[in-house]
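Here is a friendly walk through one protein model, meant to be read with the structure open beside it. Take a moment to look it over, and then we can start from the inside.

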Amino acid sequence: MPGFFRSRAGRQCLSVMMLGGVLWLLGILLEFGDGLSAFVQMFDDYGAEKLVLAFVIAGAMSFIYSILRIADLRREMELRAAAQFKADWTATHDHLTKLPNRYAFERKKLARPDASDEEYNAAARNVTVFSVDLDGFKKVNDLVGHKGGDILLIEVARRICSLGNADCVYRFGGDEFVIIGAGMTEEREKHFARVLIQAVTRPISIEGFAVEVGASVGYERWTEGSEPLENAAHRADLAMYEAKSRGPNHALAFEASMQDKVAERASLETKLRTAIQQKAIRPFYQPLIDLKTGDICGFEALARWSDDTGVNIPPPVFIGIAEETGMITELFENLLSQACRDALGWHAHIVLSFNISPVQMEDRLLASRILKVLAASGLPPERLEIEITENALIQDPAIAAVILDELHAAGVQIALDDFGTGYSSLAQLARYRFDKIKIDKSFVATYQEDERQEKIVRAMLGLGHSLNIKTTAEGIEEHSQLGYLTRLGCDIGQGYLFGKAMPADQAAAFIEERMQTLSAAG
Ligand code: C2E
Ligand code: CA
Ligand code: CA
């Protein structure tokens, strides 16, 4: 009830009651009752008594009515408070694990540590923020489905909570958790990070499967009053990303160099965005040589970017960033359309080979995008060859099959790139119909010193022959390698021995030169 009197309706009720009391006292003081009975007697003939009675009854009824309304109002207020609490809880908690979420964490940092905030007062003014991200969670989802993934997240949350104060564990979304540890020494932090990894990586039984995930941990100390807690959480994240880049189940404390790396990467990302918009990234062309005739049978388009200071950025670096930031589709379409136009100027038997990155294989529209660019350029589909790595095919084999079938049906050729470096080469060969396999340059570079590698090269060439698939050897740098691979029946060669990737005008000149040399020799 005291709560009610603090509300507006309660205050009004109190004022009205007080006013009534004052009027009543005034009535007694001024002998209003005597006056009233004299009035009733005086106007008895006109029904004054009935009128007064009616007023008294009306007053009593209004009083009862007010009491009922007040009870209603109280119920309404309670419902509202419960709804507010529910809304607050929903906004600040993760439904699946019931842990507080990022929003709760951000609100927490605003709260000044005071006597009622046990979490901060528990240990001095030093806390350590641990950022945990699961490794291989996507694979678990693929294996046991999303429901299984949910079970895993709930179990991981339970295990983390059982390590310390449950109130200090947050789920920031997806497979990301944040834990706040209070008053830890450097040694304790290191130990706790290890314990965290051990707890998360113990197998979890889901629908009869013993499922395992890894965990990457980054952590950073925060001293009260120095800065918002969120900043420390951000640096713990940076340390976690660095730990993740070193492989699963690593833990690292934040170091200043990690921040520099991120700043560098952010600036590269901005430059890349501009370069893609301005079409400053160009396809270069590396010749593919028919080892039986010595003729050029194709060019592999390789992306080249030199930034505004003239520094060449390696393709794996900028393609990696384009993949992560979703710029790969635009970059790919720009490059492919430029390459198709360049290829139109080559002799009709020269094929354009073009690389597809694994991320693109998740795009159901990939085949139609490629065919659209082809149609716009006028290059016949038979003159395009798409190079795909084994790893690109295992992400989502069902989508990959649809993409490859659509491209094949249109007449585009498909080459399996970096053959032998992925982890399901033979399975891929059994599954899809490839027009070519490209033996990875690491085999060509090492077969001379390593007998086992040599046997593998022989086996790969034999496999190509028996499946009636053409073979290309990458990374031919020496005449001895060329002689050896030609003797073993390799169909196509590529490497610095024939030429590095070159701009379009040089590629055109290269074709002419090669033709002249061949006709002079023939
Ligand atoms: P990749 O598809 O295996 O391309 C062959 C790489 O080997 C190229 O490196 C090429 O320059 C290099 N190479 C060719 N011959 C030799 C040789 O004789 N010796 C040595 N040591 N290397 C040789 P690059 O251009 O740096 O490209 C690296 C990777 O970046 C490519 O590997 C490919 O995965 C990717 N990449 C390049 N351009 C594109 C592109 O336009 N799209 C996509 N998705 N990926 C691309
Ligand atoms: Ca390639
Ligand atoms: Ca390759």
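## A strand wrapped on both sides

Let's begin with strand E12 (residues 384-389), in what is a predicted model. Six of the six residues of E12 are buried, so the strand is largely enclosed by the rest of the structure. Which residues cover each side? Leu-384, Ile-386 and Ile-388 lie on one face, while Glu-385, Glu-387 and Thr-389 lie on the other, and all of them are buried. In a regular strand, side chains alternate between the two faces of the sheet.

## The neighbours of E12

E12 has a parallel partner in E11, with four bridges between them. One point to look for is Phe-354, whose bridge partner in E12 is Ile-386. To get from E11 to E12 the chain passes through helix H13 (residues 366-377), and this β-α-β crossover is right-handed.

E12 also runs parallel to E13, and five bridges join these two strands. Here Glu-385 stands opposite Gln-413 of E13.

## The first calcium site

Now follow these strands to the metal. Which residues coordinate the calcium ion (ligand 2)? Glu-300 (OE), Asn-355 (OD1), Glu-387 (OE) and Asp-417 (OD) do so, at 2.1 to 2.3 Å. Along the chain, these donors follow the spacing E-x54-N-x31-E-x29-D. Distant parts of the chain are linked here: Asn-355 belongs to strand E11 (residues 351-355) and Asp-417 to strand E13 (residues 413-419), with their positions 62 residues apart.

The donors can also be viewed by how much of them is covered. Asn-355 counts as partly exposed, because its relative accessibility is 24%. Asp-417 is buried, with a relative accessible area of 5%. Glu-387 is among the buried residues of E12.

## A shared aspartate and the second calcium

Asp-417 bridges the calcium ion (ligand 2) and the calcium ion (ligand 3), and the two ions lie 3.7 Å apart. For the calcium ion (ligand 3), the protein donors are Asp-417 (OD), Asp-418 (OD) and Glu-474, the last listed with two OE entries, at 1.8 to 2.9 Å from the ion. The spacing of these donors along the chain is D-D-x55-E. Asp-418 is partly exposed, as its relative accessible area is 23%.

## Loops worth a look

Two lysines stand out by their backbone angles. Most residues other than glycine have a negative phi. Lys-98, however, has a positive phi near 65 degrees; this residue is found in the loop between helix H4 (48-92) and helix H5 (102-110). Lys-98 is exposed, with a relative accessible area of 52%. Lys-279 likewise has a positive phi, near 55 degrees, and is found in the loop between helix H10 (256-277) and strand E8 (282-290).

Two further loop residues help with orientation. His-349 sits in the loop between helix H12 (328-343) and E11, and is partly exposed at 38% relative accessible area. Leaving aside residues up to four places away in sequence, His-349 touches Asp-295, Ile-296, Cys-297 and Met-515. The C-alpha atoms of His-349 and Ala-182 are separated by 70 Å, and their positions lie 167 residues apart in the chain count. Thr-309, in the loop between strand E9 (296-306) and strand E10 (312-313), is exposed, with a relative accessible area of 60%. The C-alpha atoms of Thr-309 and Asn-334, 25 residues apart along the chain, are separated by 22 Å.

## Stepping back to the whole protein

How many helices and strands does the protein have? There are 20 helices and 16 strands. The radius of gyration is 38 Å, well over the 24 Å that the globule rule gives for 522 residues, so the protein is more spread out than a compact globule. Along its principal axes, the C-alpha trace spans about 145 × 60 × 55 Å.

Of the 522 residues, 41% count as buried. Among contacts between residues at least 6 apart in sequence, 66% join residues at least 24 apart. The protein exposes about 28600 Å², of which carbon and sulfur atoms supply 58%.

Note on methods. Residues numbered from 1 in each chain as written. Chains lettered and ligands numbered in written order. Predicted model: local features only at pLDDT ≥ 70, side-chain atom pairs only at ≥ 80, totals over all residues. Heavy atoms only, no water. Donors = N, O, S within 2.8 Å, 3.2 Å for Na, K, Ca; no water. Buried < 20%, exposed > 50% of the residue type's maximum accessible area, 1.4 Å probe, protein only. Pairing = 2+ DSSP bridges. Right-handed = clockwise from strand over helix to strand, strands pointing away. Rg over C-alpha atoms; globule rule 2.2 N^0.38 Å. Contact = heavy atoms within 4.5 Å. Areas by Shrake-Rupley, 256 points an atom, 1.4 Å probe, with all protein chains shown as cover.
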